[in-house]
Amino acid sequence: MGLLIKGGKIVNADASVIADVYCEDGVIKQIGTDLDVPSDAEVVDAAGKLVMPGGIDPHTHMQLPFMGTVASEDFYTGTAAALAGGTTMIIDFVIPDPQQPLMEAYETWMGWASRSVADYSFHVAVTWWDDSVYEDMGKLVNEHGVNSFKHFMAYKNAIMAEDETLVNSFNRCLELGAMPTVHAENGELVYHLQKKLLAAGLTGPEAHPLSRPTEVEGEAANRAIRIAQSLGVPLYLVHVSCQEAVDEIARARHEGQRVYGEVLAGHLELDDSVYRNEDWGAAAAHVMSPPFRPKKHQAVLWSALQGGTLQTTATDHCCFCAEQKAAGKDDFTKIPNGTAGVEDRLMILWDSGVNQGRLTENEFVSVASTNAAKIFNIYPRKGCVAVGSDADLVIWDANKEHLISAKTHHQNIDFNIFEGRTVKGAPDTTISQGKVVYANGELNVVEGAGNYVQRPAFPTIFDAVQKYNELHQPKGVER
Ligand code: DUC
Ligand code: ZN
Ligand code: ZN
Ligand code: ZN
């Protein structure tokens, strides 16, 4: 049965227009007024509301095995929470252990994710290097629709990618037409500072941000950007959290380099005072990396998002409950890193972005959905309201007030970093694959209904990149 959304204002990244939307077989079939649709179509009244492409969260970690435990949110609960917040697709991370074959890890994550209720896709992390990694990257791109690879520059003695891995993997990305991405923190420095702080008797969560200061991120951002520049490959930086990293991206973009940056809702809104809370549990609940920053960085991040230095927003949704965080009771380096937000991101972004005059409604759509779809090569299938696009939509009520709280959220975690905040602007109805999955505050989801979204390599960007490199990169002896 088809679905007719009547009378709403369609908001895309490029324009807004009042029109009806008719969906069938999971796809948008018609847009206009006085549409000719089957008489049995389900009708949703969107008068006075906005019809936007569903949010895309390009950075989540559902049921991630990490730091001796497993993130409490699985693909079923996590994608359901996403839908309740108007996000209709996530891009999660396959993270192989060092020496584990990439294909084996990919198959494991695909198994877990088969329970998803909304569409999903994967970045795959390159945590080590040898010929088999080179081979598997090719298989993932050419046979499995993975067109982005993640590199953790932090987490020494675990998943940290050394420069050797970064250089080889970035170069392989260039060959394959895939996007390298980095978590930019200098893991050697973090390790050193952690040991120093512990030796000085600083064992609580207040030491966490001290072990990962902003220069640690700035150094890694610069290193990754310069490696990408030398090789002539584009680069995407996840969770950019501070001025130092923003400055490196801005400089590189100013010089014509294809460098993209993502910012988390949490980093836009919270500062490092959360780690000085006298309640150990509340402070530990905010332990994530990179940490929340001194207040002045928030204004820098907002400006960078407004000005286009940063293009996407995400959450790094990685849930650990109080009892899991307690593993680090006597040693802050053992507190599992991660915070939630997949359900809250759009509401926070609307309230602080649109309601505060920082973003237009169209710019909101760009940073909540469209830009991620473009950068990760799933546009216009995702990220826009257009005939032929997937019917993944959120009907947004700009006047609806919503109190964010762990007591009422759908996320499988006992804490909410935005606890107690009342936002104005919230999802009225969420539509996934042409079906109403959230309305009147109720979820109506089907386990396993989510589809794996293949993301092909980037012919257009990489054709230009190759041509540019041939014409403009210094070669061999000329250098
Ligand atoms: N940071 C986190 O806080 N959690 C998961 C991984 C990461 O990089
Ligand atoms: Zn990450
Ligand atoms: Zn990270
Ligand atoms: Zn992450």
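This is a short talk through one predicted model, from a small sheet to the core, the ligand and one strand residue.

Okay, let's start with the sheet. It's an open one with 4 strands, in the order β5-β4-β1-β6, and the pairing is mixed. On the edges you've got β5, residues 27–32, and β6, residues 42–45, and each of those pairs on one side only. Going from one strand to the next, the twist averages 20°.

Now let's walk across it. β5 pairs with β4, residues 20–24, in the antiparallel sense, over 5 bridges. If you want a spot to click on, valine 21 has isoleucine 31 in β5 as its bridge partner. Valine 21 in β4 also stands opposite isoleucine 5, and that takes us over to β1. Between β1 and β4 the pairing is antiparallel again, with 3 bridges. On to β6: β1 pairs with β6 in the parallel sense, over 4 bridges, and there lysine 6 stands opposite aspartate 45.

Stay on β1 for a second, residues 3–6. Which of its residues are on the covered face, and which on the uncovered one? Leu3 and Ile5 are on the covered face, while Leu4 and Lys6 are on the uncovered one. That fits the usual pattern, because side chains in a regular strand alternate between the two faces of the sheet.

Right, the core. The largest nonpolar core has 144 residues, and those touching the most other members are Val51, Met52, Leu83, Met153, Ala224, Leu235 and Leu237. Let's zoom in on leucine 237. Leaving out neighbours within four places in sequence, leucine 237 is in contact with Val182, Ala184, Ala221, Ala224, Ala245, Ile249, Gly261 and Glu262. So Ala224, from that list of best-connected core members, is also one of the contacts of leucine 237.

Next, the ligand. What surrounds ligand 1? You'll see His61, Phe66, His183, Met288, Ser289, Asp316, Cys318, Asn337 and Gly338 around ligand 1. By type, that shell divides into 3 nonpolar, 5 polar and 1 charged.

Last stop, threonine 69, in strand β10, residues 69–70. Is threonine 69 buried or partly exposed? Threonine 69 has 16 other C-beta atoms within 10 Å, and buried would take 20 or more, so threonine 69 counts as partly exposed. Beyond its neighbours within four places in sequence, threonine 69 is in contact with Phe320, Gln324, Ala327 and Pro336. Take alanine 327: it's 258 residues from threonine 69 in sequence, but in space they're 9.3 Å apart, C-alpha to C-alpha.

That's my tour, thanks.

Note on methods: Residues numbered from 1 in each chain as written. Chains lettered and ligands numbered in written order. Predicted model: local features only at pLDDT ≥ 70, side-chain atom pairs only at ≥ 80, totals over all residues. Core = buried A, V, L, I, M, F, W, Y, C linked by C-beta atoms within 7 Å. Buried ≥ 20, exposed ≤ 12 C-beta atoms within 10 Å, placed from the backbone. Contact = placed C-beta atoms within 7 Å. Near = placed C-beta within 6 Å. Nonpolar A, V, L, I, M, F, W, Y, C, P; charged D, E, K, R; others polar. Pairing = 2+ DSSP bridges. Helix = DSSP H or I, 4+ residues; strand = E, 2+ residues; numbered from the N terminus. Axes fitted to C-alpha atoms, helices over the stretch in contact; angles between N-to-C directions.
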